[in-house]
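Please look through the sequence and the model below before reading on. The paragraphs that follow go from one side chain outward to the sheet, the core and the cysteines.

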Amino acid sequence: MLWKQEFNLEGLNQSSHQTLAEHVGIEYTEIGADYIKATMPVDHRTVQPMRLLHGGASAVLAETLGSVAGLMCIEDIATKTIVGTEISCSHLRSAKQGLVTGKVSPLKIGRRLQVWNIDITDDKERLICVSRLTIMVVDLSSTQKTS
């Protein structure tokens with residue numbers, strides 16, 4: 001089984017409280033056996049000056065989905081966490097309104113390295129962005145400073 005943690009849509013959406021995901025309106029909408037979906041509005045928070053979906057907003061949706069999925073694949077979240085190490089986004093089409101939907105699915109899930117694919121589509125299910133996120137699994141003890 002891919003998911004090592006129990007989680008649900010309500011819990012994922014609550015975890016976004018007071019984060020960038022909440023600020024840009026990301027809402028988790030579906031959990032599958034090997035994917036998670038979320039939507040994000042194309043509105044004043046997510047567009048660039050030409051009123052098109054900002055590429056950075058697409059990257060925020062992609063990294064949010066990949067990071068959450070990555071965390072849900074760790075067996076012991078009391079001692080381990082994840083950190084993003086690289087993200088790439090290919091912007092294929094613009095979006096001017098409505099909602100975009102991101103779907104994250106795994107390319108590789110290892111003990112120390114995870115690679116995720118995130119496809120972002122518009123309201124008409126046209127592909128607007130393809131993203132790849134690489135995540136490292138790290139020990140929490142190595143991320144904390146000691147005195």
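In this predicted model, the side chains of Gln-114 and Trp-116 make a polar contact at 2.9 Å. The side chain of Gln-114 also has a polar atom 3.3 Å from the backbone oxygen of Gly-70. Gln-114 belongs to strand 5, which covers residues 113–121. Is Gln-114 buried or exposed? Its relative accessibility is 1%, so Gln-114 counts as buried. Apart from its neighbours within four places in sequence, Gln-114 is in contact with a number of residues, among them Gly-70, Cys-73, Ile-82, Lys-108 and Leu-133.

Strand 5 is part of a sheet. What is the order of the strands in this sheet? The sheet is open and has six strands in the order 1-2-4-5-6-3, paired in the antiparallel sense. At its edges stand strand 1 (27–31) and strand 3 (80–91). Each of these has a single partner strand, so one side of each is left without a neighbour in the sheet. On average, neighbouring strands of the sheet are turned by 25° against each other, with direction ignored.

One edge of the sheet can be followed by residue. Strand 1 pairs with strand 2 (residues 36–41) in the antiparallel sense, and four bridges join them. Glu-27 has Thr-39 of strand 2 as its bridge partner.

A helix comes next. Helix 3, made of residues 55–72, lies across strand 1, strand 2, strand 3, strand 4 (99–109), strand 5 and strand 6 (127–139). Helix 3 runs at about 145° to strand 3.

What lies in the nonpolar core? In soluble globular proteins, nonpolar side chains tend to be buried together. Here the largest nonpolar core has 35 residues, and Ile-36, Val-100 and Trp-116 are those with the most contacts inside it. At least two residues of this core come from each of strand 2, helix 3, strand 4, strand 5 and strand 6. Helix 3 gives the largest share, eight residues. Val-100 shows what such a position touches: not counting residues up to four places away in sequence, its contacts include Ala-38, Met-40, Leu-53, Leu-61, Ile-120 and Ile-128.

A shorter helix can be looked at in a similar way. Ala-21 is in helix 2 (residues 20–23). With a relative accessibility of 6%, Ala-21 counts as buried. Beyond its neighbours within four places in sequence, Ala-21 is in contact with Ser-16, Ile-26 and Thr-64. Ala-21 and Leu-65 are 44 residues apart along the chain, and their C-alpha atoms are separated by 9.7 Å.

The cysteines remain. A disulfide is a covalent bond between the sulfur atoms of two cysteines. How many disulfides are there when the sulfur atoms must lie within 2.5 Å? The count comes to zero. Cys-73 is in no disulfide, and the nearest cysteine sulfur, that of Cys-89, is 20 Å away. Why is Cys-129 not bonded to Cys-89? The closest cysteine sulfur to that of Cys-129 is in Cys-89, but the distance is 4.4 Å, which is too far for a bond. Both Cys-73, at 8% relative accessibility, and Cys-129, with a relative accessible area of 0%, are buried.

Methods
Residues numbered from 1 in each chain as written. Predicted model: local features only at pLDDT ≥ 70, side-chain atom pairs only at ≥ 80, totals over all residues. Heavy atoms only, no water. Disulfide = S-S within 2.5 Å. Buried < 20%, exposed > 50% of the residue type's maximum accessible area, 1.4 Å probe, protein only. Contact = heavy atoms within 4.5 Å. Polar contact = N/O pair within 3.5 Å; in protein donor to acceptor, adjacent residues only side chain to side chain. Pairing = 2+ DSSP bridges. Axes fitted to C-alpha atoms, helices over the stretch in contact; angles between N-to-C directions. Core = buried A, V, L, I, M, F, W, Y, C linked by side-chain atoms within 4.5 Å.
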